[in-house]
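Grab a coffee and open the viewer. Below are some short exercises, each with a worked solution to follow step by step.

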Amino acid sequence: MNHFKHSLKNSPGFTLIELLIVTALVGIVMTAVLGLVITTQRHSYTSEEVVDVQQNLRVALDFMSRDLRLAGFGVADDAFILEAPQRLRCEDKNRDGDCLDADESDFLRFLTLTATGTMARIGVDGGITTTADKQMIALAEEKSARLLLSGAESAPVYVRIFRPSSRTQPLDRVFEVRPPETTEPPEIVAVEGFTESTVLRPGDLLARVDDPDFDGDGDPNTDMPQLPNQVDYRLVKADTDDSKLFDLVRVPTGVDPDDETTFQRVAGKIVEVQFQYLLEDGSETASVAGSDLERVRAIRITLVGATDATRTGNAGFNPGQGDNVKTRALSTVVELRNR
């Protein structure tokens, strides 16, 4: 028995002080590891957000540049084609959750032949004198036919016919375009809706228009979209708690300008959109109105985007360090080719 007590008394073990020291050291190490994990996670989120911001800016500039290159196409020389703000603005003055009321927004507005941007030229073999409601028309290329008929399987495709040489329409009507019969060449399309005989020439354009049946009576020719069409670019409030971020939206002819659920959202995480206007004499200005609008030959667009503060900034991720919000800017000059 004495031998057993002696063994217990002299067996190795940890004192309370040793345990407290080890616990403190483990706590320090775990705190450092946790801080490293949080920092790595924050940088990962920020990097993802920055990539997203840069991609948004590129997409937005691509959309706006493509549209503006067609501004004025099919528009009379003496007609309005452009409203030219210094910047886009979204200011919810009455605090109803949007920027759709009077004097709450500035927007870039211009006229173009078709707000869809989709056109197809009648080919050299497509010039005909229409003799029936339905005519088979040869387009200049197969690719144009495919683009024009995109989505025809699920919804009707409508066009208006435009003659670039005279900036007129041979017939002031809307026509439905259908895919060709299986035996027809792929550049052939079926155009329906002719009510009288007219001559279609090589070079005439089929300009696609969306939602032509505005009154819902089943007849797209009782409330037709006008040619040229109108396109607006504006900012709307983004679906985030970060009040500094907006969505850039495109509002074409046929879309309710008071219903932002129908807008085409081009890009998010936008902070600011600024414009500079290059005039025919080579000068550049941020403000242009009245007769000076006719002197505009190009537009410099500058977009500024930022990461969402509720993900990477002080509002929701790293209190006290607002510098986690990263901003990026992208700029381009778009020539107005049709003025």
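Before you start, one cut-off: a residue is called buried when its relative accessible area is under 20%, exposed when it is over 50%, and partly exposed in between. Keep in mind, too, that this is a predicted model.

**Exercise 1. Get an overview of the chain: work out what it is built from and how confident the predictor is.**

Step 1: Start with the secondary structure, which comes to four helices and 18 strands.
Step 2: Look at burial. Of the 339 residues in the chain, 40% are buried.
Step 3: Turn to the surface. About 18400 Å² is exposed, with carbon and sulfur atoms supplying 51% of that.
Step 4: See how far contacts reach. Take those between residues at least 6 apart in sequence, and 65% of them join residues at least 24 apart.
Step 5: Check confidence. The mean pLDDT is 84, and 88% of residues reach 70 or more. Watch residues 314-321, though, where pLDDT stays under 50.

**Exercise 2. Decide whether Arg-160 is buried or exposed, and find its salt-bridge partner.**

Step 1: Arg-160 has 0% relative accessibility. The cut-off for buried is under 20%, so Arg-160 counts as buried.
Step 2: Its side chain meets that of Asp-172 in a salt bridge, at 2.1 Å from N to O.
Step 3: Now place both ends. Arg-160 sits in strand β8 (residues 157-162), while Asp-172 is in the loop between β8 and β9 (175-178), so the bridge ties together parts 12 residues apart in sequence.

**Exercise 3. Compare two further salt bridges, Glu-192 with Arg-178 and Asp-210 with Arg-208.**

Step 1: The side chains of Glu-192 and Arg-178 meet at 2.9 Å, N to O.
Step 2: This pair links distant parts of the chain, with Glu-192 in strand β10 (residues 188-192) and Arg-178 in strand β9, 14 residues apart. Arg-178 is partly exposed, with a relative accessible area of 36%.
Step 3: For Asp-210 and Arg-208, the N to O distance is 3.9 Å. A salt bridge needs the nitrogen within 4 Å of the oxygen, so the pair makes the list.
Step 4: Sort the two by burial: Asp-210 is partly exposed at 38%, whereas Arg-208 is buried at 14%.
Step 5: Some bridges share partners, and in this way Arg-89, Glu-91, Lys-93, Asp-103 and Asp-106 join into one network. A search of the whole structure gives 22 salt bridges.

**Exercise 4. Classify the ring pairs Phe-73 with Phe-162 and Phe-110 with Tyr-233.**

Step 1: The count of aromatic pairs is four. One of them is Phe-73 with Phe-162, at 6.4 Å centre to centre and 65 degrees between the planes, which is edge-to-face.
Step 2: Phe-73 is in the loop between α2 (16-69) and β1 (82-83) and Phe-162 is in strand β8, so this pair ties together parts 89 residues apart in sequence. Phe-162 is buried at 4%.
Step 3: For Phe-110 and Tyr-233, the centres are 6.5 Å apart and the planes lie at 20 degrees, so the pair is stacked.
Step 4: Phe-110 belongs to strand β4 (residues 108-112) and Tyr-233 to strand β13 (residues 229-237), so parts 123 residues apart are tied together. Both residues are buried.

Terms used:
Residues are numbered from 1 along each chain as its sequence is written. This is a predicted model: local features need pLDDT of at least 70, side-chain atom pairs count only at pLDDT 80 or more; totals for chains, interfaces and linings use all residues. Side-chain values use heavy atoms; hydrogens and water are left out. Helices (H or I, at least four residues) and strands (E, at least two) are DSSP runs, numbered from the N terminus. Buried means under 20% relative accessible area, exposed over 50%, partly exposed in between (1.4 Å probe, protein chains only). pLDDT is the predictor's confidence in each residue, from 0 to 100. Contact means heavy atoms within 4.5 Å. Accessible areas come from the Shrake-Rupley method with a 1.4 Å probe; for residues, only the protein chains shown count as cover. Rings of Phe, Tyr and Trp (its six-membered ring) pair if their centres lie within 6.5 Å; planes under 30 degrees apart count as stacked, over 60 as edge-to-face and the rest as tilted.
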